[in-house]
Amino acid sequence: MKINGKSVMFFLILLSAVFSVLWLVLFSQSVSYYIIAAFILLLFILPFFVGFEKSPHSAREMALLAVLTALAVASRAVFYLVPQFKPIAAVVIASAVCLGAGRGCLIGALSAFISNFLFGQGLWTPFQMVALGVIGFTAGLIFERVKTNRMNLTVIGFLLTFVVYGLIVDLSSVFLMVSDFSISAVLAVYLSGAPFNAAFAGATAVLLFLFGEIFIKKLDRINNKYGIVVRNPLSEEENGK
């Protein structure tokens, strides 16, 4: 299995973001979560600014990333009255399938940060940014090697949302709600959050099952027409069938 330099770079960026969040919570209570959120965004955006002049399609790429981020934010806002029915993770995963792990990571982090201006910022914001960033990054890596079909999108989307998002975001609840840390107290927080994570993951899976392939094909058409991002061979081959 070949691991390219960009994948390693984004993995290191994700680790830096995770350590930033933990540093905020564990060692520096006086530092605002806005500073950590801004630092995480800087980490995710930096590689794109570094390579901006090297790519002939950078302006188009940035425009596409902005549109997909706005779509992810809007998808969360539209269904705010329906508890835990949030299409945001489905949009991030589908975008990562088309555009790759790094861009999926950036869309996830940006959409979490921006949408929280509507739903409320707090200590949970950096955790949500990292969680959706990890989901986008992981989905991009997985679908470089796995065929993009309805069943794979549904199963992988459910698992990523339930496991990755649940583990990372519920960690903020652990720090907020647990004063005397113990295994039983931490497990109680995670078990109480499991139904909500399952509902979120279920909504993600249903949306990917119904609309995932359609969304990806439309986005691929834009990609192919303007040559913004090179698609992975497995997906291109499947979409051509």
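Over what distance should the 12 residues of helix 4 span, and how far apart are its end C-alpha atoms? Here are some notes on this predicted model, starting with that helix.

1. **Helix 4, length and burial.** At 1.5 Å a residue, the 12 residues of helix 4 should span 16 Å, and the end C-alpha atoms are 16 Å apart, so expectation and model agree. Helix 4 is also mostly covered, with 12 of its 12 residues buried. The buried stretch reads I88, A89, A90, V91, V92, I93, A94, S95, A96, V97, C98 and L99. After the helix comes G100, which has a positive phi near 105 degrees.

2. **Overall fold.** Stepping back, the protein holds 9 helices and 0 strands, giving the pattern α-α-α-α-α-α-α-α-α along the sequence. Of its 241 residues, 47% count as buried. If you look at contacts between residues at least 6 apart in sequence, 74% of them join residues at least 24 apart.

3. **The largest nonpolar core.** This core has 45 residues, and the members that touch the most others are L99, M129, L132, I135 and Y165. Two or more residues come from each of helix 2 (33–50), helix 3 (58–78), helix 4 (88–99), helix 5 (101–119), helix 6 (124–142), helix 7 (150–177) and helix 8 (183–226). Helix 4 supplies the largest share, 11 residues. That is worth viewing together with the burial of 12 of the 12 residues in helix 4.

4. **I135 as a way into the core.** I135 is a handy residue to centre on, being among those that touch the most other core members. Leaving out neighbours within four places in sequence, I135 is in contact with I93, L160, T161, V164 and Y165. Of these partners, I93 is one of the buried residues of helix 4, and Y165 is another of the residues that touch the most core members.

5. **Helix 6.** The 19 residues of helix 6 should span 27 Å at 1.5 Å a residue, and the end C-alpha atoms are 27 Å apart, which agrees. Helix 6 is mostly covered too, with 15 of its 19 residues buried.

6. **Helix 5 and the glycine after it.** Helix 5 has 19 residues and reaches 26 Å from its first C-alpha to its last, close to the 27 Å expected at 1.5 Å a residue. Because 15 of those 19 residues are buried, helix 5 is largely enclosed by the rest of the structure. Just after helix 5, G120 takes a positive phi of about 110 degrees.

7. **G104.** Is G104, in helix 5, buried or exposed? Its relative accessibility is 0%, so G104 counts as buried. Not counting residues up to four places away in sequence, G104 touches V92, A96, G136 and F137. V92 and A96 are among the buried residues of helix 4. G104 also lies 9.8 Å from L141, C-alpha to C-alpha, with their positions 37 residues apart in sequence.

8. **T154.** T154 is found in helix 7. At 16% relative accessibility, T154 falls under the 20% cut-off and therefore counts as buried. Leaving aside neighbours within four places in sequence, its contacts are A205, L208 and F209. T154 and L207 are 53 residues apart in sequence and 8.2 Å apart in space, C-alpha to C-alpha.

9. **Cavities.** How many cavities of 30 Å³ or more does a search of the whole structure find? The search finds 2. The largest cavity holds about 50 Å³ of space, and R76, K86, I88, A112, Q128, L132, Y165 and F200 line it. By class, that lining has 5 nonpolar, 1 polar and 2 charged residues. L132 and Y165 are worth a second look, since both are also listed among the core residues that touch the most other members.

10. **The second largest pocket.** This pocket contains about 460 Å³ of space. It is lined by 23 residues, of which Q84, K86, Q128, V169 and F196 are the closest to its centre. Helix 6, helix 7 and helix 8 each give two or more residues to the lining, and helix 7 gives the most, with 7 residues. The lining divides into 13 nonpolar, 7 polar and 3 charged residues. K86 and Q128 also appear in the lining of the largest cavity.

Conventions: Residues numbered from 1 in each chain as written. Predicted model: local features only at pLDDT ≥ 70, side-chain atom pairs only at ≥ 80, totals over all residues. Heavy atoms only, no water. 1 Å grid on protein atoms, 1.4 Å probe; cavity = no way out; pocket = protein on both sides within 12 Å on 5 of 7 lines; lining within 4 Å. Points joined across faces, edges and corners; volume = space filled by probe spheres on them. Nonpolar A, V, L, I, M, F, W, Y, C, P; charged D, E, K, R; others polar. Core = buried A, V, L, I, M, F, W, Y, C linked by side-chain atoms within 4.5 Å. Buried < 20%, exposed > 50% of the residue type's maximum accessible area, 1.4 Å probe, protein only. Helix = DSSP H or I, 4+ residues; strand = E, 2+ residues; numbered from the N terminus. Contact = heavy atoms within 4.5 Å. Expected span 1.5 Å × (residues − 1).
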